[in-house]
Amino acid sequence: MGAVLALLSACGGGSSPSAPAPAPTATPRAARPNLVLVVTDDLDVPTTLELPRLPDLMANRGLSFTRAYAAQPLCGPSRASILTGQYTHNHGVIGNHPPEGGFPAFRRHESSTLATWLRGAGYRTALVGKYLNDYALGAGEAYIPPGWDRWFGHLSALEDGRYFNYWVNDGGEVVRYGARPEDYSADVETQRATGFIRDAAGRPEPIFLYLAPQAPHVPSLYAERHGADFRYSLAPRVPSFNEGDVSAKPSWVRQISLMTGAEIDQADKLQRFRLRSLRAVEDMVEAVLQALAETGRLEQTYIVFTSDNGLLMGQHRAVRRKANAYEESIGIPLIVRGPGVPAGRTDAIALTIDLAPTLLELAGVPVPESVDGRSLVPFLRGTPPASWRQDALIENHGGGPSYSLRTTDWMYNHQDTEEFELYDMRADPYQLKNLYRTADPALLDSLRKRVATLVACRGASCRS
C-alpha cells in the first residue's frame, strides 16, 4: 500500500512554499492559519491512485502519508474519531446506528469536539456535507451541533439518496434537494463551501472548513458531465482479487463464494461509478483552492484530504465490504498541503485519531487531555520526531469487538469469533498467507500484549 501511494506524489510537477510555518505558541491569533479538512466517504487507497487531477491539486504540493489508517474502518465510528481524536473504545460510538452508534451515540461528545475547540479559539467554523450517520435522529431536523458558525449538514436520518433526493439542514432551515442536475450533492456542497470562504473575505478570524462529500459511497452516482470518464477502469486486479484459497481466512470470508463472471462485471461497473463520482470531488477541491486564492487565504491555509475508511472491491472475494482488518479496508488516503509542508511522502504510521491534534497544533490551540492521537505537525514541518509509533490499533465492533494490530511488519487480527490471522506485510502485502498457526509463539505473545495495552489506553497512554 505504501509503495503504490508513493506514485501519487510522484506524478507531475508542483511546488510547495519553502518557509516553515511559525510555531503555534508564537502565532498571534490574527495570524493563525486557515484549516480545510476534506473527508471523503469509503475512499480506499487503490481508488485514490486512479484520480487524474488529485496529484496536481494535492499530492505534488504536499505530504502524503503512505501508512494512514482508520482506527475503526466504518463511517460513524471513524467520523467520531476524527472529531474527538479518540479511539472507539474511548468515544464509544461503535457503529453507524443507535443505540450505540451514529449521531445519537455521538451527542454526548458534542460539547467537546474539534469544532468547539477551534471556535473557542477564535476560528470561524463551517461543516458542509455529511456529519454522522442518522443525523439528526432524536434531536429535531433543525438541530445544529455546538461549535459551528455555518452548517449545511445532510439529514441522513430522513430520505437520503446521498447524491440526489436528499434533505439538508441549511443553517437551521430544512431543505430537500431533488433529482435535477443542479441538485447533485457534491456540486451543491462546493457552492456552499466556496460561499463560506468568500463570505469570510475581509474578516479577521481564521476559518475552519470541514467538507464531507458523499463520494464514492454507494450508490456512487455521478454528475452527467463525468459520464464518459473511466470507461475502461476495472476493480483492482491485485493478487487477492477473487482469492482462490480462503481456507485459512475467518469464517466471514470463507462464506463468500468465488465471484462469477457476472459478479466481476458488476464490481467493475461499480468501480467505474465510484471513480466518476470522485471527479466531482476533484472539482470541489479545485474550486476550494481557487476561492482561497481569490480571497487571499491560500498561502495561509492547510488543506487535508482523507477518507473515513477504505473499502474492499473484490479483494478476498469481498465487494463493498469495510469494517475488517484487510489493508484496503483500513488504509485511507491522507495528503496535507499548506505553508511549509514539504512535497513528498512519509511511511510514518498515521491514524484518524491524529487529525484533531494535528489541526489543533497548527492553530496554536492546546490539545485536550482526552485526545488519544498524536499531532502530525512535525512531519508537516519537515522535522520528523526522534521517536514515533511503530504500530496502530484497529478496532471493529460487530457481534463483539475484534481487535487488530498493524505494525510496520505485521498485521495481527483477533476476530470476535475467536479466529486469528497473522500476515507478514513485507513479504505478503496482499494478505494471502495466514501465518498464525505456524508463527513463533514469542511473536504472537508480544502482539497480544501490545493489543491488550492499546485497548486499555486513554489519552497520553495511547500515544507511545
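**A tour from hairpin to disulfide**

Begin at Glu418, which takes a positive phi near 60 degrees. Glu418 belongs to the hairpin formed by S15 and S16, in which five residues lie between the two strands. The model on display is predicted. Its pLDDT averages 94 across the protein, and 94% of the residues score at least 70. Residues 1–29 should be coloured separately, as the pLDDT is below 50 over this stretch. In the model, that stretch nevertheless has 64 contacts beyond near neighbours in sequence. Where pLDDT is low, the predicted coordinates should not be read in detail.

**The four-stranded sheet**

Return to the hairpin and select strand S16, residues 420–424, together with S15. The two strands run antiparallel and are joined by five bridges. Two residue pairs may be labelled here: Tyr412 stands opposite Leu422 in S16, and Asn413 stands opposite Glu421 in S16.

Next, add strand S14, residues 401–407, and keep S15, residues 410–414, in the selection. This pair is antiparallel as well, with four bridges. S14 and S15 also form a hairpin, here with two residues between the strands. Which residue stands opposite Tyr412 in this pairing? The residue to select is Leu405. Tyr412 of S15 can therefore be shown with a residue on either neighbouring strand, because Leu405 is its opposite number in one pairing and Leu422 in S16 is its opposite number in the other.

Now widen the view to the whole sheet. The sheet is open and has four strands in the order S13-S14-S15-S16, paired in the antiparallel sense. Which strands stand at the edges? They are S13 (391–397) and S16; each has a single partner strand, so one side of each is left without a neighbour in the sheet. From one strand to the next, the twist averages 10 degrees.

With the sheet still displayed, select helix H14, residues 441–455. H14 lies across S13, S14, S15 and S16, and runs at about 115 degrees to S14.

**Strand S2**

Move to residues 62–69, which make up strand S2. Is this strand largely enclosed or not enclosed by the rest of the structure? Eight of its eight residues are buried, so S2 is largely enclosed.

Two further strands should be added to the selection. S11, residues 334–337, runs antiparallel to S2 and is joined to S2 by three bridges. Within that pairing, Leu63 has Val336 of S11 as its bridge partner. S12, residues 344–351, runs parallel to S2, with six bridges between them. Here the pair to label is Arg67 and Ile349, the latter being the bridge partner in S12.

Cys75 may be selected next; its relative accessibility is 1%, so this residue counts as buried.

**The disulfide**

The final stop is the disulfide, of which the structure holds one. A disulfide is a covalent bond between the sulfur atoms of two cysteines. Select Cys457 and Cys462, which this bond joins with an S to S distance of 2.0 Å. What is the handedness of the disulfide? The torsion about the S-S bond of Cys457 and Cys462 is about 100 degrees, so the disulfide is right-handed. Both Cys457 and Cys462 are buried.

Conventions:
Residues numbered from 1 in each chain as written. Predicted model: local features only at pLDDT ≥ 70, side-chain atom pairs only at ≥ 80, totals over all residues. Heavy atoms only, no water. pLDDT = per-residue confidence, 0-100. Contact = heavy atoms within 4.5 Å. Pairing = 2+ DSSP bridges. Axes fitted to C-alpha atoms, helices over the stretch in contact; angles between N-to-C directions. Buried < 20%, exposed > 50% of the residue type's maximum accessible area, 1.4 Å probe, protein only. Disulfide = S-S within 2.5 Å.
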